Structures are given as C-alpha cells and as structure tokens.
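Morning, everyone. I have one chain to walk you through today. Please put it up on the screen.

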Amino acid sequence: MNIHLVEDKDKQTVDVLYFCSDFHCQEFLLQEDNQKKYGKYQGWYGCQELEFDDYCAYCEKKIKGVSGEGY
Ligand SMILES: [Zn+2]
C-alpha cells in the first residue's frame, strides 16, 4: 500500500489518502484535478500499518487494517 499526505502551504498535514499500491497513488495524482487538490506525488511512503480497514482512493479496493481481524 501507499500513503499520500496532503499538506497545506505551511507543510502541515491536513489530510491523508490511502492507496492499495504505489502505482495507484501515482496514477491518481497524475490527474490534474487531483494534483491541484491533493498536491504532487511525493514518492513512495508505504509499508505502513493501518489500524482499521480503508479503501484505495483510486480503485476503492479494500486495504486491510491490523484491527480488522476475525470477520
Ligand atoms: Zn488501488
């Protein structure tokens, strides 16, 4: 998976987007509207564990969180 941090002009993280893969993160941010809204691709920031399940912002595939066991 890959995480994209959305920063404001003061480099404060204001939002976080999750992607099932680095590739989808790049694809998503290559779209001009998304890049304007969420900023440029910042490089790979993956190998993170999510506490809860989330969905890829690009393809909506489920990304499993570590507390999501047992169902
Ligand atoms: Zn995806």
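Let's begin with contacts. Two residues are in contact if their C-beta atoms, placed from the backbone, lie within 7 Å. Among the contacts in this chain with a separation of 6 or more, 40% come from residues 24 or more positions apart.

Two caveats on the source. This is a predicted model: local features need pLDDT of at least 70, side-chain atom pairs count only at pLDDT 80 or more, and totals for chains, interfaces and linings use all residues. Numbering starts from 1 along each chain, as its sequence is written.

Now the layout. The chain has two helices and four strands. Those labels are DSSP runs, numbered from the N terminus: helices are H or I with at least four residues, strands are E with at least two. From the N terminus on, the order is β-β-α-α-β-β. The C-alpha trace spans about 40 × 25 × 15 Å along its principal axes.

How much of the chain is buried? Of its 71 residues, 13% count as buried. The cut-offs: buried takes 20 or more other C-beta atoms within 10 Å of the residue's own, exposed takes 12 or fewer, and partly exposed is in between; the C-beta atoms are placed from the backbone.

On to the hairpin. β1 (2–7) and β2 (13–19) pair in the antiparallel sense, over six bridges. To pair, two strands need at least two bridges found by DSSP. Asn2 stands opposite Phe19 in β2. Between the two strands of the hairpin there are five residues. Look at Lys11 in that turn: its phi is positive, about 65°, although Lys11 is not a glycine. Lys11 counts as exposed because it has 7 C-beta neighbours inside 10 Å.

Stay on β2 for a moment. Asp15 sits in this strand. Asp15 is exposed, since 12 other C-beta atoms lie within 10 Å. From Asp15 to Gln42 is 27 residues along the chain, and their C-alpha atoms are separated by 14 Å.

Next, the core. A nonpolar core here means a set of buried Ala, Val, Leu, Ile, Met, Phe, Trp, Tyr and Cys residues joined through C-beta atoms within 7 Å. Which residues make up the largest one? There are seven: Met1, Tyr18, Phe19, Cys25, Phe28, Leu29 and Tyr58. β2 and α1 (22–30) each supply at least two of them. α1 gives the most, with three residues. As background, nonpolar side chains in soluble globular proteins tend to be buried together.

Met1 deserves a closer look. Leave aside its neighbours within four places in sequence. Met1 is then in contact with Tyr18, Phe19, Cys20, Ser21, Gly46, Gln48 and Ile63.

Now α1 itself. Cys25, Phe28 and Leu29 are buried in this helix. Seen down the helix axis, the buried residues fall within an arc of 90°, so they line one face. That arc is taken over the directions from the helix axis to the C-beta atoms. What covers these buried residues? The cover includes β1, β2 and α2 (32–38). And what does the face turned away from the buried side carry? There we find the exposed residues Phe23 and Leu30.

Last stop: the loop between β3 (54–55) and β4 (62–63), where Glu60 is found. Glu60 has a positive phi of about 65°, and Glu60 is not a glycine. Glu60 counts as exposed because it has 9 C-beta neighbours inside 10 Å.

Lys61 lies in that loop too. Its count is 12 C-beta neighbours inside 10 Å, so Lys61 is exposed. Where does Lys61 make its contacts? Neighbours within four places in sequence aside, Lys61 is in contact with Cys20, Tyr55 and Cys56. Take the pair with Cys20: 41 residues apart in sequence, 6.7 Å apart in space, C-alpha to C-alpha.

That's my tour. Over to you.
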